[in-house]
Amino acid sequence: MSRSAPMKTHARVAVIGGGVVGASVLYHLAKAGWKDVVLIERDELTSGSTWHAAGGMHTLNGDPNVAKLQEYTIKLYAEIEAASGQSCGVHITGGVNLAGTPARMDFLKLARARARYLGLAMEIISVDEAQKLFPLLDKRHFVGALYNPLEGHVDPAGVTQAYAKAARNLGAEVYRFTRVVELVARADGTWDVVTDKGTIRAEHVVNAGGLWAREVGRMAGLELPVLAMEHQYVITGEVPEVVASPTEMLHVIDFEGEIYMRQEGRGMLIGTYEKAGVPWAERETPWNFTHELLTPDLDRIAPSLEVGFRHFPALEHAGIKRVINGPFTFAPDGNPLIGPIRGLSNYWVACGVMAGFSQAGGVGLALANWMVDGDPGFDVWAMDVARFGEWASPAYTHAKVRENYSRRFRIRFPNEELPAARPLRTTPVYDRLQARGAVFGAAYGLEHALWFAPPGMEPREDVTYRRSNAHAPVGNECRAVRQAVGLLEIATFARYEVAGPGAGAWLDRVLANRLPREGRIALAPMLNDHGRLIGDFTIANAGADRFVVFGSGIAEQYHRRWFDAHLPASGVTIRSLASEWMGFAIAGPCSRALLTQLSSADVSAQAMPFLAFREIDVAGLRAHVGRISFTGELGYEIWVATGDEIALYDALASAGAGLGLTHFGARALHSLRLEKSFGNWAREYRPIYTPAEAGLDRFVDLTKPDFIGRSAVAKSRAPARRLVTFVVDAADADAVDADAVDADAIGDEPVWHDGKVVGWVTSGGYGHCVGSSIALGYVPAEHATPDAQFEIEILGERRPARLVSRPLYDPAGERMRRS
Ligand SMILES: Cc1cc2nc3c(=O)[nH]c(=O)nc-3n(C[C@H](O)[C@H](O)[C@H](O)COP(=O)(O)OP(=O)(O)OC[C@H]3O[C@@H](n4cnc5c(N)ncnc54)[C@H](O)[C@@H]3O)c2cc1C
């Protein structure tokens, strides 16, 4: 790289960090046409975790949107080589992902199924075929494999230089050996980026600090949930089979051995994510750490290497030529952290990228789109920094990153709740629910009941891709709700108070539906400027310029970031009630009788019709009660002050006993809402869908003169795809006892029509009260016709699925409106 240019005093963007991620962000901003973009690097480019990476790349990721970005990253190398004249050392060898167990085969079949609707070519192959592709393996240890043509490796330094040179060719500048020491937020929303070589005033800053992302976060008062782990790989001596091979060895992942491999010279590179992983620089990353490696600790990875030598015997005698131990960073769930930060103007992050050579291109594109167009351009929910709230403390991050590292190659089953850092947040009734047999999950760090083990059953769920031991108890919970009354804690719902003289006008602008009158509730989507769904809320008008807004708990930070960015300077205040209010849903035909017993207020159908919202007494406590239920039954959501939650719970549980009250959890709620074709945030409703596609257009009021997203929605034509409901014939054709092995769709399965993949599933499960396996998903509008026949690929089998145009349960909605 040539000498750095003299530093500017003003820039539109200062990207902090010249690893592969910062260089990609710089390139994408320059490519998008932004001028005056600069990158500031403390040392030489790549001097953090980038330079010693193994450079491996692939398109396998549990989140389909991240998988797609990985494909983009790999395909981008040809473009940046052409734009820079710098080789990236690309070796697309193809990859074999080896399964040692039937459960792993299910995992690979799901990955292959997802790949189909993403347009990624992956194939399930036999062990014999795998051995033909990768002759070093001992077949006895494997049951099958997934072949992925888009895998291989690159030269980490070459890639980073190529991004940087290509960006410079587009006018961007790179300042090396320049350390950012301080960030000063200015009143106009810009930043003084103070470096050891002078200060740059930048409109935007991007934290691509990699190993120092935490420290660059702290410069702006942030504690980002990232932690570095030590990671080791070894390079073997010469392997005769490798030397003799006419073609380069394929990239290999041996999941059960927990190792990855590729050819390096005349031997192999073998890396592993050991179970007892070791964090690095837990509190603070030293600033003098540059192009350095850590002391190797072969003992730590010896157990994995032994497995490797058993599974790939030719390696055993090759000897180890070199051991690399280097640190790199992870977010608690292993996916990147990108996007703007709530409450900070023009401060962006692109960090926690643990697979830079598969992901940095996509991360750079998404962030650049976001900065330039105000929207990442595709679905980045799984990478959005806002998926973590303030609760993601350093202790939480520490526990989760270690857990995630140790499980890097393990299966996470769709019904699996991981144990680290739990319980982190609990509600006052946690112990009482536990005493009732609650099996808990954690959502946004909060413990909530998934289902209740009946007396005599251990409160523990078997992890599986198929129906679990929770299937029967959940069925009982569902039936109790439909036949009598169920009780569900609803602390996972987000709740906000919006108040002040400007509250109504402001909500009217940020939400797409008409606001409810006083004492009423309305459903309202929130749209971005492109007319895409960024939220689905329930709004209650509490009178006197006060509204209570209910939304998805996991999206709290995501929504508050949007709210804060759109709040006027005065006249409206918005505050989260998450710690102040706790609540329960009571649902089912006996729910009114239960409420009547506990309240002195008139809760009759006349006084409290469907979608009413009242402040009344319940069990002698001041409560806000909405007549609404996500179960599709007559039901109420009752909110009280957090200090009153236990009293409310005890009163509901004891008065409900005579009415057949049953506790139910999130699993039953999921089944009940599928029977009603009700969509859910982050599944059916995401920022890639329009309200018309998601069937929410009836909640968009185009007679309102002005709201965010209105002009985009008004201009849009008939939707190209639609959210639909399927009844799935989920029985396994080969099973002797079909009930014992049934698997439902869970989400992300491809939907086939006439031998082609035409859509995807967003959620699935069993409808216990309608006796059908149900899936919700998107298909092209022309196929969204009643009774149209499809197939949904579940665990490698294409199961017949019929489109139903009305909800399977109570299609006219009479039960929830019942008088
Ligand atoms: C042993 C090992 C093997 C790996 N193998 C692979 C692999 O096979 N495939 C893969 O995809 N990934 C692999 N990785 C991970 C990969 O290295 C990372 O995903 C990637 O390097 C992250 O890049 P980054 O730009 O975010 O961070 P970094 O490379 O850490 O870059 C951050 C940069 O910011 C600079 N910086 C920080 N603070 C400041 C400041 N205040 N002022 C100026 N500059 C600053 C630093 O000097 C540094 O250059 C491996 C990592 C290790 C350790």
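User: What makes strand β31 (residues 621–626) and strand β32 (residues 635–641) a pair, and which way do they run?

Analyst: This is a predicted model, in which local features need pLDDT of at least 70, side-chain atom pairs count only at pLDDT 80 or more, and totals for chains, interfaces and linings use all residues. Residues are numbered from 1 along each chain as its sequence is written, and side-chain values use heavy atoms, with hydrogens and water left out. Strands are DSSP runs of E, at least two residues long, and helices are runs of H or I of at least four, numbered from the N terminus. Two strands pair if DSSP finds at least two bridges between them; β31 and β32 are joined by four and run antiparallel, so they qualify under that definition.

User: Why do β30 and β33 count as edges of the sheet?

Analyst: The open sheet has the order β30-β31-β32-β29-β23-β33, with mixed pairing. β30 (613–618) and β33 (661–663) each have a single partner strand, so one side of each lacks a neighbour in the sheet.

User: How do you know that the backbone of G356 makes a polar contact with the ligand?

Analyst: A polar contact is a pair of N or O atoms within 3.5 Å; within protein, one must be able to donate a hydrogen and the other to accept it, and residues adjacent in sequence count only if both atoms are side-chain atoms. A polar backbone atom of G356 is 2.9 Å from an oxygen atom of the ligand, so the pair meets the cut-off. Backbone atoms of V21, at 3.1 Å, and L211, at 3.2 Å, also face ligand oxygen atoms at such distances.
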